[in-house]
Amino acid sequence: MHKNKEFDILNNAGKSITDRLEAEFPPRDEKEKEKIFSMSERKFNIKTNGHNSFDEHTVSGVEVYKRPVWQSFIGIAAAFAVVAGGITGGAFAMKRFRNTPVASSESEDNTQRRIAPFGDFAELDYKLQKTDPDSIQKIIVNDEENPDRFIPLYAVTDISQEKRQKLADFFNNFDYDSAPAANVEYKYFGTSKAEFEDYKENSEIEDDMPSFQSCVDNEVRRICFIDLRGKIDEGDLKNPCVLSYDRFRYTEQDGQLLLEKGSFSTISWMVDYEYFKNTINGILNADDDTADKPLSNVTDSFGDFAAYDFFIPDVTKEKKMIVKKEDIAYWINNGDVIPQDKRQQIEDLFNCQYWNRVDLPEKTDVYAMGTLCFVACDDQEFRIITLDPTESILIYDHFEYEDITDENGNVIHQAKNGGKDTVEAYALEYEYFREKLYEILGDSCPVDLSPDSPDDDEEKIDSFTDLRFFIDREWGYGIEGQPVDYSQLDINVSSSNSQGEREDATFTYISYNDIISVDKKLRISELLGKYDWKPGEMGPGIPNSMIYLTSKSDNDYISMRFASLESTGQTLICFDQAGFKIWNDMYIFAEPKRNYSFLDESYYYVTDNAEVISKLLEILSEPDPEISASLNFPLLSPNYPTDCLLTSDEESSEKVLTEKDKKFVRDLIYKNSWSFVAIEPNADTEADISRTGSDYIMLKSEKKPDSPVICIETISDKTCIFEYTLKKTDGKLILTNGKSYQCHDNSIIEQIKKYFSK
Amino acid sequence: MTDEQLRHLLKSSPEKAHRLIFDEYYNYVYTIVFNRLRSFASPEDIDECISDVFSDIFMKYDPDTSYNGNIKGFVAVISQNRSIDMFRKLKALNRKIFSLDSEEANQIPSEEKVDETVEKAESSHALLDAVKALGEPDSTIIMQKYYYGRSSSEIADIVSMKPDAVRKRLSRAIKRLRSLISEI
């Protein structure tokens, strides 16, 4: 993007400028306009259909060098396609692929295994059931009086203990959703013989979906799957299927098998047909001879992990390489190659599961959005494995590259075969892998894999209602419609553009100089603490805010805007936060050091009370007892032991004040309303004060350490009082500032001068 | 079309109303969002942000509401808020690639900062005046190039000229603009 610095002045402009730009220099791109319109309509449709969340991916380890142009549009199109299909599959898919073997919230007791709701598959002697009408072995009569109704028992074949264990692992770690009762009627249980014959003729079940049976001491447990694809129109699942778990006992009587009365129970859960079929068959069909290297359908792709020098890019290290594929390029950080033995362990981990291939979510930024990547790059071949917790997928890409040198002399690995067709995506149980990889890699992994543990040591401010964040900081305030004194805080942000050049932007924050006294701060926090503040959505109606509070420390900035939502009678606080470092007198964007977790949750908090603002205003506009107490300058007090001397910008000779003079100055000060101010005086020595060039009056006593100096100055149309103390440093007397006050009356100095000129 | 009429239309035919709102306020929203994000966001991010604004407007502009303010104010608020959201989002994404420790930090230019907003506004107006003084099509070419960051061929479409001609005019226009600005 071509830019000209001269035009940067227009950034962040006020209304008068944007109005002019709109009127005189409109964007004028019809193509773009149409594109944006259709985007807006799509987003609107998605939102009205209740789909509102597009997760942003953060990149770690691998950096996006250029955002692919297609990404944003395709992302929306893909999300829309899901909605248009009348399917609310998103939520389900998330759930499906997030089968956390040990959910981190439950991780306090890691020894507690998860078990499927129908029991541990490995514990019971389940056999593979041949659900084929021709292989019925036994008939269990359902009802003595009506022997026509029956339950068929099919022939079974054994499953090796090892496969049973794998199946158990799979079943145990799935999050089951109960099936609506209505779906259970599809079961072929309790059929009459005639119906059964008919069923035999027309059955379509044989789509090699296995089912299982355990029969111990006449007690039968059965796990079977009922394919509902195309049979139900409720849009929850792409491949709806009922997992049905039946349990019953039978007795033998006169050579007839009879169902024990009241022993039959059945429970069902909704699962994904394809997912279960593929996984179960993957386990069952794995070759037993290679049992040590079980089941893997990915040996040709990332399954031979140990064979390549994979490393995990480490953001704290230097850039290692630039890899380009089509118009996307990635900067990849250096990282230590994972030792061979650990690579072998990771390979085993990858290979002990059947990987279910999924479509690459189109909004996915091919391979750079996971928190954890493995990269291998040798012999002109590039491999990357990304574990994406957000989408719960593993993305694998592999391509050959050739080295090209760009105009800046950077060597770029340019993919020979581009496109997304080399990219493979697989469903991933991220939590499971995170935990396993943590076991293997431990803390040597540059990406933090350790489970989230509550940090007890670190003092965290979890909720906004814990108002320590308010009390601990110094706050300035501004009230709408009142003259206000502020300083501007420009934070510079630097980023790379598509050409890899650095681009700089400046964001301006306002910091109010009128400081809230400790006393008022306590009262305000008490007031805010009375209400129940809930994280809010940013609505359309953030009306004009009435009260602005800002707080600037040496590394961060927070602002709170208070607004009343008239339509709902609520009060809203909008937060803003920025972190910075000071470098060469410039503020440079940085991560805020103090993190307030409530701000991670929301920048907007609402409460159902409309009076907050008026009460706040009341507190803020009251005269401050703290100020009156503090304005008591000893130098001006009646019986101060040494003389009070006055100099000014007009009168350099020192004038000794009489008691009457002191009273005049005192009264003049007390007559006005003062507030604390955050303006730092521009003075280290007395000479500095006279050098400022503005109007000033200086009151001092003898030049002795610890003796007070009062300086009254006019600063940006206001009168300020700085109360200094003389300190002796390196043999020199310098001024240290105690307190600063300001007052909107700018005639005070004039009045004092006038008085003394008489 | 008045707000009142728009409200009725929103009830009877939302699609038409959306189109009307969009056509009416596209430039307005674009200007506000672009102004806030131009140094920082890619064109795609800006498009994204603008479409967010409009989908928000479509969502939240409730024909039944008793809110009787001007829709333009409402549009402005959403535009501003959405730009700030986008900024934050980008800020979060950019955190990882910003390093202060290297020499790169030295390259951050120390632009002359205008302390007062007023001064800045004055300079901005002066700049726009100078651009305006170039006359058409030069002022459009300059703004499209340097403010909106479009390529010469895109500008060529807008002003119905050949890209080569645009380039020539551009280099002359920027010289003239510089001399105009130095006179101020």
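Biologist: In the hairpin of E35(A) and E36(A), which residue takes a positive phi?

Modeller: This is a predicted model, with local features needing pLDDT of at least 70, side-chain atom pairs counting only at pLDDT 80 or more, and totals for chains, interfaces and linings using all residues. Residues are numbered from 1 along each chain as written, chains are lettered from A and ligands numbered from 1 in written order, and side-chain values use heavy atoms, without hydrogens or water. Two residues lie between strands E35(A) and E36(A) (strands are DSSP runs of E, at least two residues; helices are runs of H or I, at least four; both are numbered from the N terminus). The positive phi, near 50°, belongs to A:Asp730.

Biologist: How many bridges join E35(A) to E36(A)?

Modeller: E36(A) spans residues 732-743 and runs antiparallel to E35(A). A:Tyr724 has A:Asn737 as its bridge partner there. Strands pair if DSSP finds at least two bridges; here the count is 11.

Biologist: What is the bridge partner of A:Glu713 in E35(A)?

Modeller: E34(A), residues 708-715, runs antiparallel to E35(A), residues 718-729, and eight bridges join them. Their hairpin has A:Ser716 with a positive phi near 35°. The partner of A:Glu713 is A:Cys720.

Biologist: How far does helix H9 of chain A reach from its first C-alpha to its last?

Modeller: H9(A) covers residues 430-441, 12 residues in total. Its buried residues (under 20% relative accessible area, 1.4 Å probe, protein chains only; exposed is over 50%, partly exposed in between) include A:Phe433 and A:Leu437. Just after H9(A), A:Gly442 takes a positive phi of about 60°. The helix reaches 16 Å.

Key:
The expected span of a helix is 1.5 Å times one less than its number of residues.
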